[in-house]
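Subject: Structure for you to look at, with notes

Dear colleague,

I am passing on the structure we spoke about, and my notes follow beneath it. Please read them with the model open beside you.

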Amino acid sequence: MYNVVRIFFYIVYLLSYLATPFAYILRRTGKSYYDRIIKLCYDLFSRFYDAFTLNLPNYSKIPKIIIGLANPSKNDYVLDVACGTGILSIPMAIRSCWVVGLDISQGQLGQLKYKVDLLNISLIQGDAENLPFRNGVFNISISSGALSEIMNKDIVIKEMYRVLRRNGRIVIMTFNREQIPFYPWAYNRKELIKILRETGLKKIRVRGIEPFYLIVKAGK
Ligand SMILES: C[S@@+](CC[C@H](N)C(=O)[O-])C[C@H]1O[C@@H](n2cnc3c(N)ncnc32)[C@H](O)[C@@H]1O
């Protein structure tokens, strides 16, 4: 039964490629309209999000790897940008002092809230391109699977850098264009490293996870 569910979600995932031309057109309509549609899609999809995402090939390994690289301690303040339903925020909260989860979709945040009763998670509905925080407040800033969907990923990385304390670290998971060449918003390693360097990040390490993920760690 488990395998049937898995195959079903894998087919749904492959079919989602069909949405690529639609997403391309949507991007050309401008940020305000684009964000509204993305938010609406996630609000509608949020109840099924975990079942879909956790059945993507090897996705269940991602939180463990990100947490390993971010290496949170009980003194750390963590920001999870575009946190969705908390696949990453929840295990992060267990290992850190405080986690702030920010997402544009109320539906996604609602699912996160429904799942946990942790006292050390705050949820904020907001735009990753305009983080509502002062400079230098977080020890760790993470984002998983979201960068490819946000209109201006360079601005998101700059914002994640701005809110980071000195010696803080950033860990980002995104999709690897070398593995999925037709997906226009995936990245290749060089591109990603260039954006991170230009932002001012140092000690950049990139790791590929089969079949199509890229995880990058960098420091301020
Ligand atoms: C593929 S999901 C990833 C969620 C989560 N990080 C995970 O690992 O499951 C992408 C998330 O990005 C959010 N999102 C899209 N555009 C956003 C924006 N401009 N600002 C904040 N969140 C955004 C969506 O609502 C969605 O929850």
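Among contacts in the protein chain between residues at least 6 apart in sequence, what percentage join residues at least 24 apart? The share is 62%. Please keep in mind throughout that this is a predicted model. The protein chain has 220 residues, of which 34% are buried, and its secondary structure amounts to eight helices and seven strands.

The sheet

The seven strands form an open sheet with mixed pairing, in which the order is E3-E2-E1-E4-E5-E7-E6. Because E3 (residues 121–125) and E6 stand at the edges with a single partner strand each, one side of each is left without a neighbour in the sheet. From one strand to the next, the twist averages 15°.

Within this order, strand E4 (residues 138–144) and strand E5 (residues 164–175) run parallel and are joined by six bridges, with Ser 143 standing opposite Ile 172 of E5. Two helices pack on the sheet. Helix H4 (residues 62–70) touches E4, E5, E6 and E7, and its direction makes about 160° with that of E5, while helix H8 (residues 189–199) touches E6 and E7, with its direction at about 155° to that of E6.

On its other side in the order, E5 is joined to E7 by seven bridges, and these two strands run antiparallel. Ile 172, which stands opposite Ser 143, has Val 216 as its bridge partner in E7. Strand E6 (residues 202–209) also pairs with E7 (residues 213–219) in the antiparallel sense, here over six bridges, and a hairpin of three residues connects E6 to E7. Two of the partnerships between them can be followed in the model: Lys 202 is the bridge partner of Gly 219, and Arg 207 is that of Ile 215. E7 is mostly covered, as six of its seven residues are buried.

Backbone details to check

Most residues other than glycine have a negative phi, and most peptide bonds are trans. Three places in this model are worth a look with that in mind. In the loop between E6 and E7 lies Pro 211, and the peptide bond that leads to Pro 211 from Glu 210 is cis, with omega near 0°.

The other two places are residues with a positive phi. Asn 71, in the loop between H4 and strand E1 (residues 77–81), has a phi near 50° although Asn 71 is not a glycine, and Asn 71 counts as exposed because there are 12 C-beta neighbours inside 10 Å. Ala 82, in the loop between E1 and helix H5 (residues 89–95), has a phi near 60°, but Ala 82 is buried, with 24 other C-beta atoms within 10 Å.

The surroundings of the ligand

Ala 82 appears again here, since Ala 82 is one of the residues that come nearest to the ligand, together with Gly 84, Ser 105, Ala 128 and Ser 144, out of 21 residues around the ligand. By type, the residues of this shell divide into ten nonpolar, six polar and five charged. Helix H3 (residues 31–53) gives the largest share of the shell, namely four residues. Both domain 1 (residues 2–53) and domain 2 (residues 59–219) are represented, as the shell draws at least three residues from each.

A buried position in helix H7

Which residues does Val 156 touch, not counting residues up to four places away in sequence? They are Val 81, Ala 128, Glu 129, Leu 147 and Ile 150, and of these, Ala 128 is also among the residues nearest to the ligand. Val 156 lies in helix H7 (residues 153–162) and counts as buried because there are 23 C-beta neighbours inside 10 Å. Val 81 is 75 residues away from Val 156 along the chain, yet the C-alpha atoms of the two are separated by 8.7 Å.

With best wishes

Methods. Residues are numbered from 1 along each chain as its sequence is written. This is a predicted model: local features need pLDDT of at least 70, side-chain atom pairs count only at pLDDT 80 or more; totals for chains, interfaces and linings use all residues. Two strands pair if DSSP finds at least two bridges between them. Axes are lines fitted to C-alpha atoms, for helices over the stretch in contact, and angles run from 0 to 180 degrees between N-to-C directions. Two residues are in contact if their C-beta atoms, placed from the backbone, lie within 7 Å. A residue is buried if 20 or more other C-beta atoms lie within 10 Å of its own, exposed if 12 or fewer, and partly exposed in between; C-beta atoms are placed from the backbone. A residue is near a molecule or strand if its C-beta atom, placed from the backbone, lies within 6 Å of it. Ala, Val, Leu, Ile, Met, Phe, Trp, Tyr, Cys and Pro count as nonpolar, Asp, Glu, Lys and Arg as charged, and the others, Gly among them, as polar. Domain bounds come from an automatic or database domain assignment.
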